[in-house]
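Trainee: I would like to learn how to read a model of this kind, one feature at a time, before I take it to the bench. Could we go through it together?

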Amino acid sequence: MGAVVKLLKQLGIILTIYVGCEAVMALVPVNFPGSVLGMLVLFVLLSTGVLRLEQIQDVANFLLSNMTLFFIPAAVGLGAYWTQLADTWMSVAVICLVGICCVYLTTYGTARLVQRLQRRHQVRV
């Protein structure tokens, strides 16, 4: 029973941050996704130590390991609109390919930058 309470508490923390940021974005006249703001807030809380990784780690690992399940509704939605996409599928495929390449290159560049900064920090210490 203790493990279930722990998981519910961790899920509650993540959902509180998410719902709070969605509410803030609903009240503010800015066109910005509340979920993205929630990720930024979660990052800041973890970076500053206000929230420790152990406080959300089990639920976060579960969500990450089952992330593919969250894409099923999007795939079903694409199937529902396949007749409209049939004429433009090549454009959509090219856009997706370019987007994947951009994400890959950005991730690669960020990882390299972090590695260099970590090496510099180790040399100074």
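Trainee: Is Lys-6 buried, partly exposed or exposed, going by its relative accessible area?

Mentor: Keep in mind from the outset that we are looking at a predicted model. The class of a residue depends on its relative accessible area, where buried means under 20% and exposed means over 50%, with partly exposed in between. Lys-6 has a relative accessible area of 43%, so it is partly exposed.

Trainee: What does Lys-6 form with Asp-58, and how far apart are the closest N and O atoms?

Mentor: The general idea is that side chains of opposite charge can pair when their charged atoms come close. In this structure Lys-6 and Asp-58 form a salt bridge, and their closest N and O atoms are 3.1 Å apart. Because Lys-6 belongs to helix H1 and Asp-58 to helix H3, the pair ties together parts that lie 52 residues apart in sequence. Asp-58, with a relative accessible area of 33%, is partly exposed.

Trainee: How many salt bridges does a search of the whole structure find?

Mentor: The search finds two salt bridges. Besides the pair just described, the side chains of Arg-52 and Glu-54 meet in a salt bridge, at 3.8 Å from N to O. Glu-54 has a relative accessible area of 52%, and is therefore exposed.

Trainee: Stepping back, how many helices and how many strands does the protein have?

Mentor: A count of elements is a useful start, and here it gives six helices and zero strands, which along the sequence read as α-α-α-α-α-α. The radius of gyration of the protein is 20 Å, well over the 14 Å that the globule rule gives for 125 residues, so the protein is more spread out than a compact globule. Along its principal axes, the C-alpha trace spans about 55 × 45 × 35 Å.

Trainee: What percentage of the 125 residues count as buried?

Mentor: Of the 125 residues, 8% count as buried. The protein exposes about 10300 Å², and carbon and sulfur atoms supply 73% of that area. As for contacts with a separation of 6 or more, 44% of them are accounted for by residues 24 or more positions apart.

Trainee: Which residues of H1 are buried?

Mentor: To read a helix, one can list its buried positions and then look for what covers them. In H1 the buried residues are Gln-10, Ile-14, Ile-17, Cys-21 and Met-25, and what covers them includes helix H2 (34-48) and helix H3 (57-65). Ile-13 is also in H1, but because its relative accessibility is 21%, Ile-13 counts as partly exposed. Leaving aside neighbours within four places in sequence, Ile-13 is in contact with Leu-51, Gln-55 and Ile-56.

Trainee: How far apart are the end C-alpha atoms of H1, and what span should its 26 residues have?

Mentor: The check is to compare the end-to-end distance with the expected rise along the helix. At 1.5 Å a residue, the 26 residues of H1 should span 38 Å, and the end C-alpha atoms are 37 Å apart, which agrees. H2, with 15 residues, reaches 21 Å from its first C-alpha to its last, close to the 21 Å expected at 1.5 Å a residue. After H2 comes Gly-49, whose phi is positive, near 85°.

Trainee: Which residues make the nonpolar surface patch of about 530 Å²?

Mentor: A patch is read as a group of side chains at the surface, and this one is made by Val-4, Leu-8, Leu-11, Leu-15, Tyr-18 and Val-19. Leu-8, one of them, is located in helix H1, residues 2-27. With 54% relative accessibility, Leu-8 counts as exposed.

Trainee: Where does Gln-122 lie, and how far is its C-alpha atom from that of Asn-31?

Mentor: A distance between C-alpha atoms can be set beside the separation along the chain. Gln-122 lies in helix H6, residues 89-124, and counts as exposed at 61% relative accessibility. The C-alpha atoms of Gln-122 and Asn-31 are separated by 41 Å, with their positions 91 residues apart along the chain. For another such pair, Ile-13 and Trp-89 are 76 residues apart along the chain, and their C-alpha atoms are separated by 40 Å.

Methods
Residues are numbered from 1 along each chain as its sequence is written. This is a predicted model: local features need pLDDT of at least 70, side-chain atom pairs count only at pLDDT 80 or more; totals for chains, interfaces and linings use all residues. Side-chain values use heavy atoms; hydrogens and water are left out. Patches are made of residues with over 30% relative accessible area and no salt bridge: like charges are joined within 9 Å, nonpolar side chains (Val, Leu, Ile, Met, Phe, Trp, Tyr) within 5 Å. Accessible areas come from the Shrake-Rupley method with a 1.4 Å probe; for residues, only the protein chains shown count as cover. A salt bridge is a side-chain nitrogen of Lys or Arg within 4 Å of a carboxyl oxygen of Asp or Glu. Helices (H or I, at least four residues) and strands (E, at least two) are DSSP runs, numbered from the N terminus. Buried means under 20% relative accessible area, exposed over 50%, partly exposed in between (1.4 Å probe, protein chains only). The radius of gyration is taken over C-alpha atoms; the globule rule is 2.2 Å times the number of residues to the power 0.38. Contact means heavy atoms within 4.5 Å. The expected span of a helix is 1.5 Å times one less than its number of residues.
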